[in-house]
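Reader: Could you walk me through this model, starting with its charged side chains? I have the sequence and the structure open.

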Amino acid sequence: MTRPVSLPRKLHTAWTRLAEPTLVRRSVISVMVAFVLVWVVLLGYNYVNYKQAITYDPGLQKYGDAVLDSLAHLTDRSQASAALASTDHWTNIRRRQIGLLPGTLLHELKDAATGQPVFASPGLQPLTPPPATPEAVGVITEARLGGTVYRIYTGHNARWALRVIEPKRTDSNFLQYNGRALVPYLLLASPFVLLPVWLSVRNGLRPLQQLARRIAQRNTDDLKPVGFNARHRELKPLEQSLDHLFAQLRQKVERERAFVQDAAHEIRTPLAVITAQAHVMARSQSEDERTQAQAHLEQAIARTSHLAQQLLDLAALDEAQRPAPRDLDVAQWLRAALAQAAPQAMARQIELSLDAPDSLPARLDLPAFESIAHNLIDNAVRYAESGGSVSLTLREEAGELHLAVQDDGPGIPAAERSRVFERFYRGLGHAANGSGLGLAIVRQAVLRMGGQVQLGDGLNGRGVGFFVGIPLPRAA
């Protein structure tokens, strides 16, 4: 029997789903933002037109001239007063009904000959308009009356002198009115825009959802190409990137599988030697046999230890996390590294030489550089012929650290040079034992430092040289 889900949990689940970002919601919100921008642009357009109308439109001038012309045939003061009162009343009723302009339109009529007042709007009594001057006739003037700016029309004919006083519309009043007036139009248009956008985005995302479902249904070890066959231009780069990623993962898995197999094979040989020699030491009655078995046992243990250390070094270089670069004197450090290799070289009568400046400070990945230098030196000393030479060159040029390790040994045949950096690969015709990991470690370390390693000529036309270039900032 299933237990019912509580209401708070349902609400929490619904809220989590609603709060989760979606591309559809993002697109709809973008359209809504576009609506707001359209509203702002239209409001700005209307505002610019309004400012031009205020400056150039003779609307008040035409209105005043029309009223004055309608009074021209009246000669009786009472008739003129009644006619203007009706005009004043009707005009302000329409003004309030339209709601476009603020305040009340005021009229003042005087006898042109005597200057006696004939009519004044009721709202004009608290105000004190400036006196009419001949310069104001035919020109719209402005005056501040009672804290409000008014536009004033002044005109006259043979019988009457008329002034029409209108409150000047403020910018804030214009923006408020027109902002409210535009909203209904945008609201009316929004469903006809948002719904098609929502449907088109949802329909456009369907191929992406199909691709996501196909990937989700794959097994965890399935690294074959997606095989979606995207028809849309926008999805093709995604499918190609996924196929490229799966190809890289397949190669990595294959390399790791081969690496494990090769490592197991390499470790099996010294372990077999260790087992056999331990059996000899335990069972043999001959002191010479036990001594010889002990020597072979120690040699196999050393080989196994060396192989294990190289495997650890290679695994550390494969890790994505890298140590912070360190400041050091590379020339002095390399001299110390050569001093460590000197006993092995002296045992085989190999001459070691270093061509480097007295000091070369730099900032670099020290563990990676240690792997490069130690393995190249060890490789050169191991494979050089007895009585031969190993030469190291260190310099900095054009913002790069260059390290060359050359010997005059048997060298590497041209047919094998392309494989020397492979893991566990050992060239033929060498008496020296090795794990085949040294040069693989060098290549991995160089790649981690963003550099490159190349094979070249050895010393005096013999042997082989390894040339490493590493981009390197100067030490602080």
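Reader: Which residues are linked with Arg95 in a network of salt bridges?
Author: This is a predicted model, where local features need pLDDT of at least 70, side-chain atom pairs count only at pLDDT 80 or more, and totals for chains, interfaces and linings use all residues. Residues are numbered from 1 along each chain as its sequence is written, and side-chain values use heavy atoms, with hydrogens and water left out. A salt bridge here puts a side-chain nitrogen of Lys or Arg within 4 Å of a carboxyl oxygen of Asp or Glu. By that rule, the partners networked with Arg95 are Arg151 and Glu166.

Reader: How far apart in sequence are the parts that arginine 151 and glutamate 166 tie together?
Author: Their closest N and O atoms are 3.2 Å apart, and both residues are buried (under 20% relative accessible area with a 1.4 Å probe, protein chains only; exposed is over 50%, partly exposed in between). Arginine 151 sits in strand β4 and glutamate 166 in strand β5 (strands are DSSP runs of E, at least two residues, and helices runs of H or I, at least four, numbered from the N terminus), so the parts they tie together are separated by 15 residues.

Reader: Is aspartate 327 buried or partly exposed?
Author: Its side chain meets that of arginine 363 in a salt bridge of 3.1 Å, N to O. Arginine 363 lies in strand β8 and aspartate 327 in strand β6, so the pair joins parts 36 residues apart in sequence. With a relative accessible area of 38%, aspartate 327 is partly exposed.
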